[in-house]
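Work through the exercises below with the model open. Each task is followed by its solution.

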Amino acid sequence: MPKHINVALIGNPNTGKTSVFNALTGLNQKVGNYPGITVEKKEGLCKLPRGVKAHIIDLPGTYSLNASSLDENVVIELLLNKNDKDYPDVAVVVSDVENLKRNLLLYTQIKDLQIPTILVINMSDRMAYKGIHLDIPYLEEQLQTKIALISTRKGKGIDQLKTLIANFKELPTTPCLNASEIDPEYFTRLKKAFPNQLVYKLWLVITQDVNFGKIDRNEVDALQSFKTKSKADLKRLQQKETIKRYQFINDTLKKGQTIDLKSAKDLRIKLDRILTHKVWGYLIFFAILLVLFQAIYDWTEVPMDFIDSTFASLSEWTKNVLPEGAFTNLLAEGIIPGLGGIVIFIPQIAFLFLIISILEESGYMSRVVFLMDRIMRRFGLSGKSVVPLISGTACAIPAIMATRNIESWKERLITILVTPFTTCSARLPVYLIIISLVIPQGRVLGLSYQALTLMLLYLIGFGTAIFSAWILNKVLKIKSKSFFVVEMPNYKLPLVKNVALTVLEKTKSFVFGAGKIILAISIVLWFLASYGPSDDFNNAEEIVTTSYASENISSEELQQKIASHKLEHSFIGITGRAIEPAIRPLGYDWKIGIAIVSSFAAREVFVGTLATIYSVGSDEEETIKNRMAGEVNPILGGPLFNFASGISLLLFYAFAMQCMSTLAIVKRETNSWKWPMLQLVIMSAFAYIVALIAYQLLI
Amino acid sequence: MQITLADIKRGQQGIITDVSSIHIPLKLLEMGCLPGNQVELLQVAPFADPLYLNINGTHLAIRKETAIHILITISNA
């Protein structure tokens with residue numbers, strides 16, 4: 001079998017690089033991580049003409065090969081390491097026809113590495129609208145490459161790009177300019193010392209601190225002697241290099257590109273006047289958030305009810321069809337209800353990711369950054385913290401990774417520390433089920449009380465995040481330079497394919513990631529709930545029957561008494577009652593206690609745990625919600641989930657740090673256990689105190 | 001007349017004459033913030049910061065504390 005052609009997709013952010021990737025690979029893609037770091041690695045397969053296949057990597061977006069973040073490092077490390085198994089046979093540089101000048105800077109750098117390179121000019125459908133004309137043969141000659149003029153929106157030019165990739169061996173590898181002219185003496189010396197290496201490659205190694213693998217280590221050490229220039233000198237040279245590259249690009253585009261400004265239309269300026277307006281801007285942002293929450297709540301009710309009842313009948317059906325025994329019980333009472341507790345939230349999580357990816361794809365998110373920067377800075381955050389805080393509503397893990405483009409370390413650290421307060425989708429299952437139990441139905445101004453409660457919880461999450469940022473800003477003594485540069489891309493109608501793939505990918509990883517933990521925990525819980533150490537458990541039937549012998553109760557009631565007696569004396573019941581004194585002041589019983597303890601692995605386990613605990617020993621087909629509504633407070637009487645205990649639970653989940661994966665990510669991003677441990681202790685203690693006060697006031 | 005980029009008004013255009021490369025991130029230079037290039041102030045965020053600029057065809061926003069390190073001459077009034 002012939003080897004696949006390795007293709008690396010490289011480009012500035014906002015050039016539609018991911019659209020090109022999606023157009024080439026379709027559903028043949030997978031998302032993982034680069035080993036050892038949490039940068040997302042997207043790769044896929046693409047069929048080329050004549051039965052050849054290409055292995056395509058979508059590298060993180062970058063403005064140049066001078067990396068300033070972990071994500072950008074990935075690009076340069078791959079391009080400099082010929083021994084990497086993903087080292088590209090051909091690089092495809094994706095550019096946007098409207099920003100060709102800036103996009104070409106990165107292109108000229110990659111050409112200097114002498115990798116065969118194809119230039120893709122995307123969004124060609126906007127050329128007429130913008131009055132742009134390109135002289136492609138001239139540009140191909142000047143830039144020493146082949147150009148694919150494509151439009152992912154209209155699906156044009158993709159086949160031409162595939163043909164170019166298949167014929168990559170015909171591409172020239174000559175650089176377009178001679179960058180060493182910026183300091184001929186220095187570069188000549190470099191060339192003499194390392195005759196077998198590319199000078200530009202050496203220059204990249206000198207100017208930045210990246211890991212180039214074992215092979216090049218010795219040479220990198222030898223290069224130390226060339227770091228004689230001071231940092232300021234090197235930076236001045238880098239500036240000179242940038243100017244030189246722009247001179248070449250300007251000269252090339254002067255002949256190769258004509259822009260007729262008269263026929264150019266610009267919607268961006270008009271839209272920006274409204275969307276970044278000091279009054280309208282904020283109102284629109286607030287309205288968008290309102291729609292987001294109304295959508296998550298109101299529009300997902302039907303599919304969720306359907307999933308809930310389907311799992312209840314599936315569990316019932318399993319019991320009826322399979323022969324009686326421990327395995328059937330494990331399946332019907334442990335695994336199926338546990339899985340139901342996660343599947344039920346797919347509609348909501350999909351909706352959340354849908355809206356967030358539309359906001360990002362359309363270019364609106366940058367406007368929010370611009371609008372919020374001044375306000376956020378008062379709290380020690382950056383305008384760029386808004387993106388993590390909003391995507392934190394999906395999941396804190398990608399949100400914390402999204403802090404990487406915050407230039408100031410202090411602003412970034414504070415953002416990382418407070419992001420877990422935002423209401424992530426794992427809290428959603430807990431909120432939804434408790435809200436539906438304790439908040440009355442009804443509407444005010446067309447918005448349901450339940451949706452408003454949910455919105456309030458999101459606001460509490462944001463509010464706490466901002467408030468704790470303010471405190472951290474006062475407490476933390478870190479000096480760091482703050483640079484703030486944010487590109488304001490043109491507005492774009494989001495591509496259905498891109499949005500759909502994002503939603504699919506994110507939902508899938510949420511369900512499978514959480515699903516594994518939930519499955520494991522529900523099996524363990526089922527065992528702990530189905531077996532007990534003492535005679536009290538083993539002789540439950542006898543004990544209960546004797547004690548109720550004098551009373552006239554139906555056999556059905558008797559069965560229930562037996563089941564609850566068994567549960568109380570099972571392993572889980574014993575553990576639960578041991579911790580009960582600590583949580584009783586918060587209004588919880590030992591079953592909720594078990595659910596809380598197990599959700600320190602991950603919050604969404606809460607519902608699955610309760611579903612498993614409640615279904616052990618129950619014969620009837622019941623939805624999770626009905627079972628919870630039927631629970632009675634053993635001491636005070638009345639429903640266990642009442643207004644006071646419900647609010648107390650909601651607040652506990654709003655503040656507590658119950659997510660091992662988030663702690664692991666914080667450890668990795670801050671490179672210390674100090675910060676995640678602080679989060680765990682302070683957030684959870686705070687949650688306990690608030691929940692305690694709330695319950696004692698409301699009861 | 002030379003002024004800093006932090007002092008221009010909305011709608012004004014200028015030519016960049018000097019950037020203090022120690023105070024300016026390389027990324028900003030790479031996005032086109034270099035001597036000789038044209039710059040226009042498109043929009044100012046609420047509370048007078050950050051600034052939304054068109055530099056050499058690239059639309060971007062920077063804070064005032066960065067803008068004071070970029071010198072320009074006004075080319076339209």
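**Exercise 1.** Find the bridge partner of Glu487(A) in β5(B).

*Solution.* Start at Glu487(A) in this predicted model. Its bridge partner in β5(B) is Leu60(B). Now take Val486(A): Ala61(B) of β5(B) stands opposite. Then widen the view to the strands. β12(A) pairs with β5 (residues 58–62) of chain B over 3 bridges, in the antiparallel sense.

**Exercise 2.** Place β12(A) in its sheet, and state which strands stand at the edges.

*Solution.* Write out the strand order: β12(A)-β5(B)-β4(B)-β3(B)-β2(B)-β6(B)-β1(B). These 7 strands form an open sheet with antiparallel pairing. At the edges stand β12 (485–487) of chain A and β1 (2–4) of chain B. Each has a single partner strand, so one side of each lacks a neighbour in the sheet. From one strand to the next, the twist averages 40°.

**Exercise 3.** Identify the strands that helix α16 of chain A touches.

*Solution.* Locate α16(A) at residues 364–378. The helix packs on the sheet and touches β12 of chain A, plus β4 (51–55) and β5 of chain B. Compare directions next: α16(A) makes about 150° with β12(A).

**Exercise 4.** Describe the side of chain A that touches chain B.

*Solution.* Count first: 31 residues come from chain A and 28 from chain B. Next, list the elements of chain A that give two or more residues: α3 (100–112), α10 (231–256), α11 (267–275), α16 and β12. α10(A) gives the most, with 8 residues. Last, sort this side of chain A by class: 13 nonpolar, 8 polar and 10 charged residues.

Note on methods. Residues numbered from 1 in each chain as written. Chains lettered and ligands numbered in written order. Predicted model: local features only at pLDDT ≥ 70, side-chain atom pairs only at ≥ 80, totals over all residues. Pairing = 2+ DSSP bridges. Helix = DSSP H or I, 4+ residues; strand = E, 2+ residues; numbered from the N terminus. Axes fitted to C-alpha atoms, helices over the stretch in contact; angles between N-to-C directions. Contact = placed C-beta atoms within 7 Å. Nonpolar A, V, L, I, M, F, W, Y, C, P; charged D, E, K, R; others polar.
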